Amino acid sequence: MTRVPSLAILLFAGLALSFAFPEPSLAPLAWVAIVPLLLIARDSPRRGFALGTAFGVGFFGSLLIWVSVVGWAAWAVLVIMESLFIGLFGAGWAIASRSDRRWWPLIAPALWVTLEALRSLVPVVGFPWGELAQSQTVFPWLLQISQVGGAKTVSVVLVTVNTLVALALLSKGPARMRWGGGAVATIVALVPLSYVVPRIDGSTAGEQSRVLRVAIVQGNASPGVVVEDELARVERHLRLTEQLVDEHIDLVVWPESAVGIDPFEDPRVMAMIVRAARAVDAPMIVGANLETDQNNYNVATLHVSAEGDVLEVYRKTHLVPFGEYLPARRWLSWLPGVEQIPRDAVAGSEPTNFEVGDTEVATVISFEGDFGPLVRDRVAQGARLITVATNTSTWKNSWASAQHLAMSQVRAAETRVPVVHAALSGISAAVGFDGVVGQRTELYTEGTIVFDMVPSADISIYARTGEWLPLLCLVGSLIALFAGWRRRSTVPA
């Protein structure tokens, strides 16, 4: 097959994979979209890298199309940067696939998960958008296996099935039937397995826990990168909160950027927060920006008592590069679009769980919810309810909001802890400990949703044991790469 048709095929395959994710949510595509990459990128590492990068451009170029709202240059840089990781997978696969084909169903998932883990760490602070588990939220039964090793357990399963399909296509006769049957058997076995996994340790999430009546207040914002009347935004959240006075609320959550004026600096804003808490006679978690100096600020959430006292402050520890701050501003200030980041947010020093009544709550802000290990650490520290306060208003009516909600669904399923996903302009939602969305809002609407949520009495195996699966995959990948390199080097010239 010539290079140009191969590149075109893999661009299309990557595009197809992106449609497995929200909002198209054609989840079954993820079970077969990687097959062309596995079949074609087996010639040489150099060709494998080029073909893998082409697949990545098709995948990320479509999946992240919403980034173009802030500029096509930003979109292109991010797409190329993330596509290089798929290129590394293609290069690694070209080497590791020289091994006996019987090992392929182990080798391919190990390589894929290793690269998924790597791109969640580098460059800068990593970018885990596009992990395969996020494509399967329409199949909550499948997400349950993430309780064993986190979201990457789902990646292992999906890449394994892709590999079995690829082997079936490469084989003939009885071998084709065996590999194809293996793919079907894997999928069929997942259905009962997804119900067995949550019961391995005999725990039942929510058992013997107090029911919390939770309200999300979605005050809304204008779409796109615009400058709004920040005081009017706080007033909207106050008005909507006061309408909950007869709902017997236990916790009110205001999303990220609900309060864009530092309440410690502006008495009018603090008075509105106090008034809201007293009106519903309930504690609140409030998304706010806090000033540090003329050029810097903190992205934060405030724990406000029912009396209106600020009990605790959490300052976001995992910031968004090129969104909340400009890395190496001194040298990169010439880049187009940086005028949209006039000031830099400063990261907080440590995570903070809030004690709301007798429930410990992990307060997570936007981008932080994309990182499984970060949320898992806070659950391991004792949190039995997760709040994700976010502001996706910049991304207009794109796929971004639905994709971000999918990450909260994955976080809930892998930790077995429910999530309150509060978005300034939507989509806000109640996510059960199984990753299933209950009540939710629509984009760019003012309103509230009130729901009963049961904090978890216990947590998942993954939440207790941590990131053992990526480490195992890394070891497996290194062994497979060494074996493939040695196999080629020992072939006579």
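A residue is called buried here when its relative accessible area is under 20%, exposed when that value is over 50%, and partly exposed in between. The structure discussed is a predicted model, and these classes help in reading its salt bridges, its surface and its open sheet.

By the first of these criteria, Arg119 and Glu82 are both buried. The two residues form a salt bridge in which the closest N and O atoms are 3.1 Å apart. This pair links distant parts of the chain, since Arg119 belongs to helix α5 (residues 104–119) and Glu82 to helix α4, 37 residues apart. Over the whole structure, 18 salt bridges are found.

Helix α4 (residues 72–96) also takes part in the surface, giving three residues to a nonpolar patch, the most of any contributor. The patch is formed by Phe49, Ile80, Leu84, Leu88, Leu118, Leu121 and Val122, which together have about 580 Å² of accessible area. Leu88, which lies in helix α4, has a relative accessibility of 42% and therefore counts as partly exposed.

Towards the N terminus, Leu11 is part of helix α1 (residues 3–18). Its relative accessibility is 36%, so Leu11 is classed as partly exposed. Apart from residues up to four places away in sequence, Leu11 touches Ala54, Val57 and Gly58. Between the C-alpha atoms of Leu11 and Gln381, which are 370 residues apart along the chain, the separation is 43 Å.

A further set of salt bridges involves strand β1. Side chains of opposite charge can pair when their charged atoms come close. Arg213 meets Glu247 in a salt bridge with an N to O distance of 3.4 Å. Glu247 sits in the loop between α10 (230–242) and β2 (251–259), whereas Arg213 is in strand β1 (residues 212–218), 34 residues apart. Glu247 is partly exposed, with a relative accessible area of 31%, and Arg213 is partly exposed at 26%. Arg213 also forms a salt bridge with Asp452, at 3.1 Å from N to O. Because Arg213 lies in strand β1 and Asp452 in strand β13 (residues 447–453), this pair ties together parts that are 239 residues apart in sequence. Asp452 is exposed, its relative accessible area being 52%. Elsewhere, Arg210, Asp250 and Asp358 are joined into one network by salt bridges that share partners.

The open sheet consists of six strands in the order β7-β8-β9-β10-β11-β12, with mixed pairing. Strands β7 (353–356) and β12 (437–440) stand at its edges; each has a single partner strand, so one side of each is left without a neighbour in the sheet. On average, neighbouring strands are turned by 20 degrees against each other, direction ignored.

At the β7 edge, four bridges join β7 to β8 in an antiparallel arrangement. Val356 stands opposite Thr359 in β8. The hairpin of these two strands has two residues between them, and in it Gly357 adopts a positive phi near 65 degrees. On the next step across the sheet, β8 (residues 359–365) runs parallel to β9 (residues 385–390), to which five bridges join it. Ala362 has Ile386 in β9 as its bridge partner. Helix α13 (residues 372–380) lies across β7, β8 and β9, running at about 160 degrees to β8.

Methods:
Residues numbered from 1 in each chain as written. Predicted model: local features only at pLDDT ≥ 70, side-chain atom pairs only at ≥ 80, totals over all residues. Heavy atoms only, no water. Patch = residues over 30% accessible without salt bridge, like charges linked within 9 Å, V, L, I, M, F, W, Y side chains within 5 Å. Areas by Shrake-Rupley, 256 points an atom, 1.4 Å probe, with all protein chains shown as cover. Salt bridge = Lys/Arg side-chain N within 4 Å of Asp/Glu carboxyl O. Buried < 20%, exposed > 50% of the residue type's maximum accessible area, 1.4 Å probe, protein only. Pairing = 2+ DSSP bridges. Axes fitted to C-alpha atoms, helices over the stretch in contact; angles between N-to-C directions. Contact = heavy atoms within 4.5 Å.
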